[in-house]
Amino acid sequence: MGLTCSNECERATFGVDCSSTCHCSTPGCDRVTGSCTVRGCEAGWQGNACDHECETERFGKNCSQTCHCVSSSCDQFNGHCTHTGCEPGWTGMACDQVCTTGHFGRDCTQTCHCAIPGCDRFSGLCTHTGCDAGWEGPTCEKACDIGKYGPDCKYNCNCATPGCDVVSGNCIVPGCSVGWEGSVCDIACNVSSLGSNCTEPGCKRFTGFCNVSGCNVGWTGPSCDKGILINGFFVVYVSTYFKYIIYVVCYIYTVNVNENYANLDSSKIERSSNIYETIGEGSDCRVVQVSDCLRLLALNHWVAGSRLFVDVDRFGQELRIFRLSFSMASSRSKHEILQIIVIGCLAVFPQFVYASYNMALGKPTLQSSTESGWVSDKAVDGIIGADVESNGGGSCSSTRPSWYDEAWWMVDLEQIARLQTINITYRQLYPFRLSGFYLYASNSSRVENIQNTGYLCYHDNTRNPDLPSVNQSRSCHVNGRYITFYNKRPADNGPKSHQYYSATVAVVELCEVQVFGCPVNHFGPACSNICHCGVGGCDPDAGLCDVNGCQSGWKGTACSEKCEIGEFGVDCRHTCHCSSPGCDRFIGSCTVPGCEAGWQGNVCDQECRLGTFGVDCIHTCHCSTPGCNKATGNCTVPGCTAGWQGNSCDQECKLGTFGVDCSHTCHCSKPGCDRFIGSCKVPGCETGWQGNACDQECRLGTFGVDCIQTCHCSTPGCDKATGSCTVPGCTAGWQGNSCDQECRLGTFGVDCSHTCHCSKPGCDRATGSCTVPGCETGWQGNACDLGKMS
């Protein structure tokens, strides 16, 4: 630089007149070419001489970073977006940070609520299908609508007052709509909850109306829930403990009144040939009631004032007998012949199935008061008695018949159970004290607020002048731990006409209480199986879940089957691809860490992303056409991007090679070049080579380092490295092995083999013509190379 071009360029400048600036990360560059002394550009610059600004969307040192701004432009130095906002999937001042787990969209401001954490950071689509409880939609970012709850908002909440918790389903205002029950109102009423006495099983669970019109004998009303007691006293008690396929028949047993009816034996049964009928086939003895048999018998054989009750005998495993005993009114003749109805159940399959059991047997009990030693636990001692005995004897409990208008009895099952049936045997001859009773199931032992905290299984509403049966069997399909028998006076519709009925004193006298069911989430024979339902519980008989769907790690209709090896999650619908077979069936984590080739993620259930492959997807395939085999890495379309080679395009170019498939060779003076573009790490090419990547041979007539030297051979062509002429001989004016040396002063011509004798030293080295015309004395010619003639 300078007027005389005698000053070297200042540091960081180069080129003609030192007019260009090099922006090297380490100060210092070649003053001619601008190549950095130490490779690498300042932030915002790129190129061999670091004199080109970053392109749009690039920033930082060597312009090696990409900013993902909505406007596609950012500050070339720090990457800050020119206009506010990042593209979907990116965040940060420079939009160069990926969204954290659970976030997606522009600036990563949106949240995806996936059942298994993780979603696509661009679109928000869940990595695994399914939303967390309370959310729905393709990206699980939409809260459940009113009336919906649970994963994917797939459950309806059936609350009396609309609105429930979107996660748990609990009603905001407690109380279920008609036809539903349970803690979250998700259990449909039992098929016969309101119409268990219909001629054809089942009733409308919302109205209670029978599916098929008509009630069983002894019942009336649109819902068949209004009792008609035959002769005012007839009752039937049937155990639900055994279940098996049977044929039920009715037949008549004729006896003399002076026999001991309490000790009847099956061998004494005689069928009356003219009154024998097969009633039909059913699932157990409950299908056919004694009242069905009673229609075969003239009702005038029975006397008002008799009391009938049922004892149960079981003869082996093939015959169950319901023996009807009775006590006679004193007005009856001692020797009159009577007929007794007997129901026989002939088993097709002798093996009994214990689907539930009496969970109250021997469990802790309480009652509001105790009379004469008739303590509360007598009602769960397993002895079905008929009455109290003196001095606290017998097997019945009793509260004090004093001046209390409320009385209660409670049993603690010691665990929450899925209840089915509650059987009650009350003190015989005292149904007027039973009248108006309430039967509650609850999870609290507090009785004082049982009307609000408990579930009302049944309330006796027998109207005057009728009396309730002392043998009660009531369905109660709800979860509960405490069963409370409660009564008050006056009863809602008490038998006021009965001479012993008290409108002021409440007494509870229980001879046995049986609570049939299974512990929550148990089912099958003796409740020995466990169901793992995702929401709610399961049916104690078959184990069917109240709501379809199993907990993580379980599958099957009863959610009692463990996931197979390689399966995990809800309903076992996910697959883990572990390098060593076996993963946690609940969350999917591999038993032995490490994924199969082609899979990644905490549970090895995510395929490798585009451009990655191998074990844990740690390898990258650099295919020229994006896409490779997730396991092997072989390119879908053969061919690698610049800088890579191999079948999987995952091997860097070897030293001295670069470009697509590493097919080019760089000839740097110091070994080593950029494998992508071939630029030498230390500037300078081998002799005979030139170009940014030193991959171009010297042009014809040039040779040496960077091909800056010229060979002047008489026959064109010289060695690219040494310059030696392919055919010996230099053009006029040149000499030397490489014909790259000008003729010395005073010589000229081919190989400088001629001498010019100019009067003033100096001649043209090609033609020999004197620089200043005129020859030395004795010489002549244009080149002064001819002697004078003598």
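Of the contacts in the protein with a separation of 6 or more, 41% are accounted for by residues 24 or more positions apart. The structure described here is a predicted model. The protein contains three helices and 57 strands. Its 790 residues include a buried portion of 45%. The protein exposes about 39,700 Å², and 51% of this area is supplied by carbon and sulfur atoms.

Strand β29 covers residues 438-442. Five of its five residues are buried, so the strand is largely enclosed by the rest of the structure. In a regular strand, side chains alternate between the two faces of the sheet. In β29, Y438, Y440 and S442 point one way, whereas L439 and A441 point the other way. The residues of both sets are buried.

Strand β29 pairs with two strands considered here. With strand β30, residues 455-459, the pairing is antiparallel and runs over four bridges. In this pairing L439 of β29 is placed opposite Y458 of β30. With strand β32, residues 479-488, the sense is again antiparallel, and the pairing runs over five bridges. Here A441 is the residue that stands opposite I483 in β32. L439 and A441, which face these partners in the pairings, point to one side of β29.

The loop that follows β32 was examined next. P490 is located in the loop between β32 and β33. The peptide bond joining R489 and P490 is cis, with omega about 5 degrees. Y500 also belongs to the loop between β32 and β33, the latter strand spanning 510-519. Y500 has a relative accessible area of 53% and is therefore exposed, the cut-off for this class being over 50%. Although Y500 and F432 are 68 residues apart in sequence, their C-alpha atoms are 7.2 Å apart in space.

Two residues other than glycine have a positive phi in the cases examined. For L429, phi is near 80 degrees. L429 is part of the loop between β28 (406-426) and α2 (431-434). Its relative accessibility of 47% places L429 among the partly exposed residues. For C649, phi is near 50 degrees. C649 lies in the loop between β44 (644-645) and β45 (651-652). With a relative accessible area of 1%, C649 is buried, as the class requires a value under 20%.

Cysteine pairing was then considered. A disulfide is a covalent bond between the sulfur atoms of two cysteines. With sulfur atoms within 2.5 Å taken as the criterion, the count comes to 38 disulfides. Three of these pairs are described below.

C54 and C63 are joined by a disulfide with an S to S distance of 2.0 Å. The torsion about the S-S bond of C54 and C63 is -90 degrees, and the link is left-handed. Both cysteines of the pair, C54 and C63, are buried.

A disulfide also joins C159 and C171, with 2.1 Å from S to S. The pair links distant parts of the chain, with C159 and C171 twelve residues apart, and each is placed in the loop between β14 (155-156) and β15 (180-181). The torsion about the S-S bond of C159 and C171 is about -90 degrees, so this disulfide is left-handed. C159 and C171 are buried.

In the disulfide of C711 and C718, the S to S distance is 1.8 Å. The link of C711 and C718 is left-handed, with -75 degrees about the S-S bond. C711 and C718 are likewise buried.

T755 was examined as a residue in a short run of strand residues. T755 belongs to strand β55, which comprises residues 754-755. The relative accessible area of T755 is 38%, so this residue is partly exposed. Its contacts, leaving aside neighbours within four places in sequence, are with G746, T747, F748, A783, C784 and D785. The C-alpha atoms of T755 and G768 are separated by 7.7 Å, the two residues being 13 residues apart along the chain.

Technical notes
Residues numbered from 1 in each chain as written. Predicted model: local features only at pLDDT ≥ 70, side-chain atom pairs only at ≥ 80, totals over all residues. Heavy atoms only, no water. Buried < 20%, exposed > 50% of the residue type's maximum accessible area, 1.4 Å probe, protein only. Contact = heavy atoms within 4.5 Å. Areas by Shrake-Rupley, 256 points an atom, 1.4 Å probe, with all protein chains shown as cover. Pairing = 2+ DSSP bridges.
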